[in-house]
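Thanks for making the time this morning; I would like to walk you through one structure, going from side-chain pairs to strands and then to two individual residues. Please have the sequence and the coordinates open while I talk.

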Amino acid sequence: YIDVSNTSVDSPLPANFSGYRELRVFRAAQARLSGGIPATLGLLTALEELDLSRNALTGPVSAPSLFNLTSLRAVNLSSNQLSGGLPDALRTLGALQTLDLSQNMLS
């Protein structure tokens, strides 16, 4: 469990998540994160909850790393600057119960 919500991280997401493979919850809402969703996020194969809402994340939601996380039950990427469309690969997230992509620049 990692929660850095409401902090001033003020940087991109870390590029290397290899040391956290058993992590189940990652919350970094309103942490002033920027940049894209890193591919190494896909290494968190035990992740069940991901909250990166209210940051300045950019780029597509179709980051392949997200679709390796088949244990995900809740994803909140709202209030960022994510763009593009919703990928068909969302269907691979069979455990997903909640997905919030509101307040982005999705087409």
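Let me begin with the side chains of Arg27 and Glu49, which meet in a salt bridge with an N to O distance of 2.6 Å, and let me say at once that this is a predicted model, so that distance, like every other value I quote, is computed. The pair links distant parts of the chain, since Arg27 sits in strand E2 and Glu49 in strand E4, 22 residues apart. As for solvent, Arg27 has a relative accessibility of 23% and therefore counts as partly exposed, and Glu49, at 21%, counts as partly exposed too. If you keep in mind that the buried class ends at 20%, you will see why I quote the numbers along with the labels for this pair.

How many salt bridges does the structure hold? There are three, and the other two involve Glu48. On one side, Glu48 forms a salt bridge with Arg24, where the closest N and O atoms are 3.1 Å apart. That pair, too, links distant parts of the chain, with Glu48 in the loop between E3 and E4, Arg24 in the loop between E1 and E2, and 24 residues separating them. The side chain of Glu48 also meets that of Arg73 in a salt bridge, at 3.0 Å from N to O. Because Arg73 lies in the loop between E5 and E6 while Glu48 lies in the loop between E3 and E4, this pair ties together parts that are 25 residues apart in sequence. Taken as a group, Arg24, Glu48 and Arg73 are joined into one network by salt bridges that share partners. Are these residues buried, exposed or something in between? Glu48 counts as partly exposed at 22% relative accessibility, Arg24 counts as partly exposed at 45%, and Arg73 is partly exposed with a relative accessible area of 39%.

Now to the strands that carry the Arg27 and Glu49 pair. Strand E2, residues 25-27, and strand E4, residues 49-51, pair in the parallel sense over three bridges, and within that pairing the bridge partner of Arg27 in E4 is Asp51. So please keep two partners of Arg27 apart as you look at the model: Glu49 through the salt bridge, and Asp51 through the strand pairing. Both strands belong to an open sheet of five strands, in the order E1-E2-E4-E6-E8, with parallel pairing. Its edge strands are E1, at 2-3, and E8, at 98-100, each of which pairs on one side only.

There is also an open sheet of four strands, again with parallel pairing, in the order E3-E5-E7-E9, and here the edge strands, each pairing on one side only, are E3 and E9, the latter at 105-106. Strand E3, residues 34-35, is joined to E5 by two bridges, the strands running parallel, and in E5 the bridge partner of Gly35 is Leu57. Three bridges then join E5 to strand E7, residues 81-84, also in parallel, and Leu82 in E7 is the bridge partner of Gly59.

That brings me to Val61, which lies in the loop between strand E5, residues 56-60, and strand E6, residues 74-76. Which residues does Val61 touch, once those up to four places away in sequence are set aside? They are Leu66, Phe67, Leu82, Ser83, Leu101 and Leu106, and Val61 counts as buried because its relative accessibility is 2%. For a sense of scale, the C-alpha atoms of Val61 and Asn6, which are 55 residues apart along the chain, are separated by 22 Å.

The other residue I wanted to show is Ser78, in the loop between E6 and E7, which at 6% relative accessibility counts as buried. Its side chain is joined to that of Asn76 by a polar contact of 2.7 Å. Leaving aside neighbours within four places in sequence, Ser78 is in contact with Ser53, Arg54, Asp100, Leu101, Ser102 and Asn104. Leu101 is therefore worth finding on your screens, as it appears in the contact lists of both Val61 and Ser78, two residues that count as buried because their relative accessibilities are 2% and 6%.

Definitions and conventions
Residues are numbered from 1 along each chain as its sequence is written. This is a predicted model: local features need pLDDT of at least 70, side-chain atom pairs count only at pLDDT 80 or more; totals for chains, interfaces and linings use all residues. Side-chain values use heavy atoms; hydrogens and water are left out. Two strands pair if DSSP finds at least two bridges between them. Buried means under 20% relative accessible area, exposed over 50%, partly exposed in between (1.4 Å probe, protein chains only). Contact means heavy atoms within 4.5 Å. A salt bridge is a side-chain nitrogen of Lys or Arg within 4 Å of a carboxyl oxygen of Asp or Glu. A polar contact is a pair of N or O atoms within 3.5 Å; within protein, one must be able to donate a hydrogen and the other to accept it, and residues adjacent in sequence count only if both atoms are side-chain atoms.
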